[in-house]
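I sat down with this one to look up a handful of things: sheets, a pocket, a buried residue and some odd backbone angles. My notes are below, in the order I went.

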Amino acid sequence: MMNIKPILFGLLLAAGIQQADAQLMKAKELYTKADSLRGELTPLRTCYDIQYYHLDVRVDVENKSISGTNLFKFKAVDAFNKLQFDLFDNLSVDKVEYQGKSLPFSREFNAVFVDFPSTIEKGKVDSFTVHYSGTPIQATRAPWDGGFDWKQDSQGKPWVATACQGLGASVWWPNKDHQSDEVSSMLISVAVPNGVMNVSNGRLVKTEKLKDGYTKYHWKVDNPINNYNVALNIGDYAHFQETYSGEKGPLKLDYYVLKENAKKIGHLKKNAQETLKAFEHWFGPYPFYEDGYKLVETAHLGMEHQSAIAYGNKFINGYLGNDGSRTGWGMKWDFIVVHESGHEWFGNNITAKDLADMWIHESFTNYSEALFIDYFYGKEASQAYVNGNRRGIQNNSPIQGPYNVNKEGSGDMYNKGGVLHNMIRTMIDDDDKWREILRGLNSTFYHKTVDYNDILTYMNTHSGIDLTKTFEQYVQTNNIPTLEVIENSPGVFMIRWISAVKDFTMPVHFFDKDGKRKLIMPTTKFKIHRLEGLTKANFKVDTYNYYIGLSLQ
């Protein structure tokens, strides 16, 4: 007869999980009209598809101000005579120019609404230019808060960068500020004072000496790029270049470091070459061969700016010399080079349509760190690193945020997200297949925007496992499931999952009497499992690779 105490334990645990979820629901944040204007795809945004930008700005370093224009070239998705673009309201919209004339516009929070003199018919390709100026928000903790990072190097020369993920690119330049619409190509023209240079995304196509003590640098981006990836980096840089023999042929690698750090360039070259080698193996070809690969030294820690990665890890291994996993494996490589380069595949190549799904960027990229270790030091080291990263998981809120309000999920999207992918790899138990899935994601969604369902559907189809409930549990709730194992008699066990997710089911590995791995598929209903040679004393579940609770009774 079954012991009643374990059943009560399970019921109490489930009730506790449900209570925690209820408390989280009560604590749900309230969102404003400003949040909706920023995060929602209204008809005034979906009516036009951005094809090309020419951002042309002048940076007044002394006064910490900017001025310039942005050309919007678009294709009309629907007929319209009014649209929305975005620019933070502390910056001035000086004029909206269309066919040589100024258009009327209005502003609400950080949204700008433009009225056209006649209907723009569906399918028409057209353009308008926004003239703007002002003092952009100054970042105080770049890259975690957005805006301009106004710094100086040790020689007192300007050292300036932008970082705006999450907050939005409209913090410093006018654009259609929603992740779902990536511009197909772009020209970035930046005028800076003589004595320093500007480095932006893509390839430098022209340098133009101006008459007023400024030089303008023109950077051409030939691949789709998301607004938040567009960056300025201003400094007294030394430039180094080399060629990497990649899967798609020769790839130009460029390094821009402060002249005072030129002798440290060997550190970056070694880490960049190793990173590209590992990631092209796991994920497929670097997604932006036409635009090259750059590392640009910044005063802030780093950001995944497409083809112009911001680097501020002080030319040392680890995360500013530390290993969050406490395994030692994180000290064998430069965290910022590896992590931010991983975003070239997950974040820049595959981009979440809504900031709520930023977990797609960060979970896969967190796991890319482990795959880097796997490539050079082996799978056992990789799994040790993932397991060690659990110490940073909070389980305080879901890693997916709410849609349509420009809100990301919990910071657990990093370590918990990496753990999730390691679990899926463990479930599949076929590393060649796992590699095919990772490479397949990057080829199927090459230069595309995606959402939760896109990733889930692909993973379900290509893994051969229904991961629907697994994703719901680990992405959409803040809890982890508990595997309840009750010994009825030697070799006979009752096993089930305890989870607030309705009809939760997930495969999990245990070890048989000979120590061999075996896969079972528990549900939330008790099921009898006859496991010869096992008792409560020697029953072991792979809790090293499965991030779960375990109740063994």
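These entries go through what I looked up, one topic at a time.

**Entry 1: what kind of model**

I am working from a predicted model, so I keep in mind that local features are only taken where pLDDT is at least 70.

**Entry 2: the five-stranded sheet**

I started with an open sheet of five strands, ordered β16-β17-β18-β20-β19, and its pairing is mixed. Which strands sit at the edges? I found β16 (237-246) and β19 (302-303) there, each pairing on one side only.

Next I checked the link between β18 (residues 293-297) and β20 (residues 309-311): the two run parallel and are joined by three bridges. For a concrete pair, I noted Leu295, whose bridge partner in β20 is Ile309.

Then I looked at what packs on this sheet. Helix α4 (residues 265-283) does, touching β16, β17 (249-258), β18 and β20. I got about 30 degrees between the direction of α4 and that of β16. Helix α5 (residues 335-342) packs on the sheet too, with contacts to β18, β19 and β20. The direction of α5 makes about 160 degrees with that of β20.

**Entry 3: the largest pocket**

How much space lies in the largest pocket? I have about 800 Å³. Its lining counts 37 residues, and Trp144, Tyr319, Phe335, His339 and Tyr414 lie nearest the centre. I recognised two elements from the sheet entry, since β19 and α5 are among those that give two or more residues to the lining; the others are α6 (358-377) and α7 (379-389).

I also sorted the lining by residue type: 13 are nonpolar, 16 polar and eight charged.

**Entry 4: the four-stranded sheet**

Another open sheet has four strands in the order β9-β10-β15-β12, with antiparallel pairing. Here β9 (147-152) and β12 (197-199) stand at the edges; each has a single partner strand, so one side of each is left without a neighbour in the sheet. Direction ignored, I read an average turn of 20 degrees between neighbouring strands.

Inside this sheet I followed β10 (residues 158-163) to β15 (residues 233-235): two bridges join these antiparallel strands. Ala161 is the residue I picked out, and Asn233 in β15 stands opposite.

**Entry 5: β23 and its two partners**

I looked up β23 (residues 482-489) for its partners. Seven bridges join β23 to β24 (residues 492-498), and these two run antiparallel. One example is Ile486, which has Met494 as its bridge partner in β24. The two strands make a hairpin with two residues between them. What is the phi of Gly491 in the turn? I noted a positive value of about 85 degrees.

β23 also pairs with β29 (residues 549-552), this time parallel and through four bridges. There Glu484 stands opposite Ser551.

**Entry 6: Ser65**

Is Ser65 buried or exposed? Ser65 lies in strand β2 (residues 65-76). I count Ser65 as buried because its relative accessible area is 17%, and buried means under 20%. Leaving out residues up to four places away in sequence, Ser65 touches Arg58, Val59, Asp60, Gly134, Thr135, Pro136 and Trp150.

**Entry 7: helix α11**

In α11 (residues 468-476) I listed the buried residues: Thr470, Phe471, Gln473, Tyr474 and Val475. Their cover includes α6, α8 (415-428) and α10 (452-463). I had already met α6 at the lining of the largest pocket.

**Entry 8: backbone oddities**

A reminder to myself: most residues other than glycine have a negative phi, and most peptide bonds are trans.

The peptide bond from Ala142 to Pro143 is cis, with omega near 5 degrees. I located Pro143 in the loop between β8 (125-134) and β9.

Gln99 is not a glycine, yet its phi is positive at about 50 degrees. I placed Gln99 in the loop between β4 (91-98) and β5 (101-102). Why does Gln99 count as exposed? Its relative accessibility is 60%, and exposed means over 50%.

Leu320 also has a positive phi, near 50 degrees. Leu320 is in the loop between β20 and α5. With 36% relative accessibility, I put Leu320 down as partly exposed.

Key: Residues are numbered from 1 along each chain as its sequence is written. This is a predicted model: local features need pLDDT of at least 70, side-chain atom pairs count only at pLDDT 80 or more; totals for chains, interfaces and linings use all residues. Side-chain values use heavy atoms; hydrogens and water are left out. Two strands pair if DSSP finds at least two bridges between them. Contact means heavy atoms within 4.5 Å. Axes are lines fitted to C-alpha atoms, for helices over the stretch in contact, and angles run from 0 to 180 degrees between N-to-C directions. On a 1 Å grid over the protein atoms alone, a cavity is a set of points where a 1.4 Å probe fits but cannot get out, and a pocket is an open set with protein on both sides within 12 Å along at least five of seven lines; lining residues have an atom within 4 Å of a point. Grid points are joined across faces, edges and corners, and a volume is the space filled by probe spheres set on the points. Ala, Val, Leu, Ile, Met, Phe, Trp, Tyr, Cys and Pro count as nonpolar, Asp, Glu, Lys and Arg as charged, and the others, Gly among them, as polar. Buried means under 20% relative accessible area, exposed over 50%, partly exposed in between (1.4 Å probe, protein chains only).
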